[in-house]
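Work through the following exercises with the structure in view, and try each task before reading its solution.

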Amino acid sequence: MSALVDTLRTTAEEALGLLERGDVSAAELHAAYLDAIGERDGELHAYLRTADYDGASGIPIALKDVISTKGLGTTAGSKILEHYVPVFDATVAARCRESGLSVLGKTNTDEFAMGSSTENSAFGPSRNPWDPSRVPGGSGGGTASAVSAGLAPWGLGSDTGGSIKQPSALCGNVGLRPTYGTVSRYGIVAFASSLDQVGPVAKTVRDTALLYRIVSGRDPSDSTTVELPEAVELPTADRLDGLRVGVPRQAMALEAIEPGVRAAFEHVLRLAEELGARVSECELPISYDYGMPCYYLIAPAEASSNLARYDGVRYGLRSEGETYRAMVERTRDDGFGDEPKRRIMLGTYALSAGYYDAYYGQAQRVRTLLVREHAAAFEDVEVIATPTSPTVAFPIGDKAADPLAMYACDLLTIPSCLAGLPGLSVPCGFSEGLPVGLQLLAPQFGENTLFRAGHALEQALDLDLVPERLR
Amino acid sequence: MAITREQVLHVAQLARLELGEAELERLTGELGAILDAVSKVAELDLADVPPTSHPLAVVNAWAEDEPHASLPLEDVVRNAPAVEGGLFRVPPTT
């Protein structure tokens with residue numbers, strides 16, 4: 001541990017305070033985190049590469065390796081981009097730098113953000129700081145592991161069907177998947193463009209809000225972005241008086257939810273009531289039966305299109321071939337791992353002549369039902385609550401050989417992603433000594449509501465979120 | 001919903017993936033199982049439901065038509081596997 005700062009416990013707000021008071025310099029802070037990385041990342045493998053201090057004036061940040069960083073390698077966890085060095089910054093990386101944030105390094109991810117455990121990274125899995133024999137979740141397991149183990153005060157991830165919220169839950173962090181369109185995706189390695197969103201991972205809800213404030217807002221380089229209808233507020237209230245919270249009956253009927261996860265979730269619901277919230281059942285009849293099949297048609301279809309750009313011509317790996325076509329086919333076979341190949345194949349099939357209407361077209365119609373049923377539920381409640389993940393962190397290797405078992409990890413996070421809604425995962429307790437996450441959902445642009453609710457619960461819970469074995 | 005080996009081979013050609021024999025075999029089984037699971041969407045009668053392609057009600061987000069500098073050529077080709085005279089070099093098409 002650095003003598004200057006306890007990176008395991010220091011929040012981003014506290015680190016900013018240390019800087020402002022002159023207790024540490026930006027260079028010393030950066031060095032303290034690099035020291036922690038040197039000490040613990042050999043075991044955890046949260047980072048794919050680190051960066052030296054570059055003169056930034058602010059606190060450090062970790063960036064998921066799907067975020068382009070000028071002059072600093074960006075691989076998306078894929079062999080096909082192993083030697084790729086961006087010549088421009090993603091807008092979110094530029095906004096971090098403009099705010100003085102110091103990039104600590106690039107964190108591990110499932111290849112092209114496809115996975116729920118980081119086991120699909122071409123560079124080996126990351127590990128969970130609470131128990132290194134277990135996964136940190138995915139795809140953003142690197143950022144989650146880093147924030148949890150004091151290897152970064154906060155970080156940015158990307159979320160298509162749960163890649164921010166699920167690893168945040170499994171590692172005991174706060175993670176926000178923002179409303180679709182509120183954070184620029186310019187310079188983000190694309191997976192499924194109608195779903196991909198960038199968002200913060202942090203130790204506290206206030207830190208999460210602060211980072212969201214830095215990276216959100218319209219970007220002329222991403223025409224899907226919009227200006228926020230209201231400024232991001234840092235939450236302060238410790239009560240939830242009058243807040244209407246809905247718990248989807250169909251979610252709680254799922255047998256996949258582990259008893260320990262269910263118990264922690266029910267405990268936090270009672271706490272919400274003690275703080276003044278009105279908790280009731282709500283209905284999402286389609287979401288949990290059809291959300292996953294819908295997602296695993298739409299996301300692979302879009303991925304098969306986005307990943308067509310890796311052709312060995314302009315950047316990335318090239319394998320030799322006698323003809324152009326042979327070169328492209330060999331490059332893609334050599335460069336992509338099993339999961340991107342599966343999704344490219346599935347997506348190409350779902351989009352191909354004769355199957356388009358039955359698969360992709362039908363999934364887009366199911367998506368409309370998901371949008372509608374969330375809107376209907378939000379007529380009666382302001383926030384919907386479920387566990388973030390049906391399970392706690394599972395052992396490395398447990399689901400690696402069964403794609404469908406891995407896909408089921410995102411059962412509870414997927415429906416709201418398809419509906420374009422914001423979701424916040426907040427630690428709400430422990431099961432088997434491992435963190436459990438509470439997922440809070442709101443209507444589009446409802447981030448401030450999520451921050452208020454999450455902050456009040458976080459204060460009331462007062463959990464020690466430093467992994468026991470590192471205390 | 002089984003998928004045949006021939007169909008998988010056809011899709012691999014569409015997707016420009018040169019799959020080895022073992023991979024082809026494995027993917028045929030895996031894709032069959034995944035298609036079984038996702039085919040659940042066919043249970044719903046959605047003839048009257050419009051498709052959703054994008055979750056935000058944003059249309060026609062035009063950029064101002066203002067000239068601005070693009071990346072210098074040396075940056076554009078910096079990551080290319082083969083370059084000749086500022087152009088991406090590829091093998092012959094036939």
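**Exercise 1.** In this predicted model, find which residues lie on the two faces of strand 4 of chain A, and decide whether these faces are covered or open.

*Solution.* Begin with one side of strand 4 of chain A, where A:Trp154, A:Leu156 and A:Ser158 are buried, and then turn to the other side, where A:Gly155, A:Gly157 and A:Asp159 are buried as well, so that both faces are covered by the cut-off of 20 or more other C-beta atoms within 10 Å. Counted along the strand, which runs over residues 154-159, 6 of its 6 residues are buried.

**Exercise 2.** Determine which strands pair with strand 4 of chain A, and in which sense.

*Solution.* Take strand 2 of chain A, residues 60-64, and note that its pairing with strand 4 is parallel, over 2 bridges; here A:Ala62 stands opposite A:Gly155. Next take strand 6 of chain A, residues 197-202, whose pairing with strand 4 is antiparallel and runs over 6 bridges, with A:Trp154 standing opposite A:Ala202.

**Exercise 3.** Identify the residues that touch the most other members of the largest nonpolar core, and name the helix that gives the most to this core.

*Solution.* The largest nonpolar core holds 152 residues, and within it A:Ile61, A:Cys294 and A:Leu297 touch the most other members. The helix that contributes most to this core is helix 9 of chain A, with 11 residues. To look more closely at A:Ile61, leave aside residues up to four places away in sequence, and its contacts then include A:Cys96, A:Leu101, A:Val103 and A:Ala152, as well as A:Trp154, A:Gly155 and A:Leu156.

**Exercise 4.** Describe the side of chain A that touches chain B, by contacts, by helices and by residue class.

*Solution.* First consider the contacts, in which 55 residues of chain A meet 43 residues of chain B. Helices 9, 10, 11, 12 and 13 of chain A each supply at least two residues of this side, and helix 12 gives the most, with 11 residues. Sorted by class, the side of chain A that touches chain B has 29 nonpolar, 15 polar and 11 charged residues.

**Exercise 5.** Locate B:Pro50 along chain B, and explain why it counts as buried or exposed.

*Solution.* B:Pro50 is in the loop that lies between helix 2 (21-38) and helix 3 (73-76) of chain B. B:Pro50 counts as exposed because 9 other C-beta atoms lie within 10 Å, where the cut-off is 12 or fewer. Finally, compare positions in sequence and in space: B:Pro50 and B:Leu87 are 37 residues apart along the chain, and their C-alpha atoms are separated by 45 Å.

Technical notes. Residues are numbered from 1 along each chain as its sequence is written. Chains are lettered from A and ligands numbered from 1 in the order in which they are written. This is a predicted model: local features need pLDDT of at least 70, side-chain atom pairs count only at pLDDT 80 or more; totals for chains, interfaces and linings use all residues. Two residues are in contact if their C-beta atoms, placed from the backbone, lie within 7 Å. Helices (H or I, at least four residues) and strands (E, at least two) are DSSP runs, numbered from the N terminus. Ala, Val, Leu, Ile, Met, Phe, Trp, Tyr, Cys and Pro count as nonpolar, Asp, Glu, Lys and Arg as charged, and the others, Gly among them, as polar. A nonpolar core is a set of buried Ala, Val, Leu, Ile, Met, Phe, Trp, Tyr and Cys residues joined through C-beta atoms within 7 Å. Two strands pair if DSSP finds at least two bridges between them.
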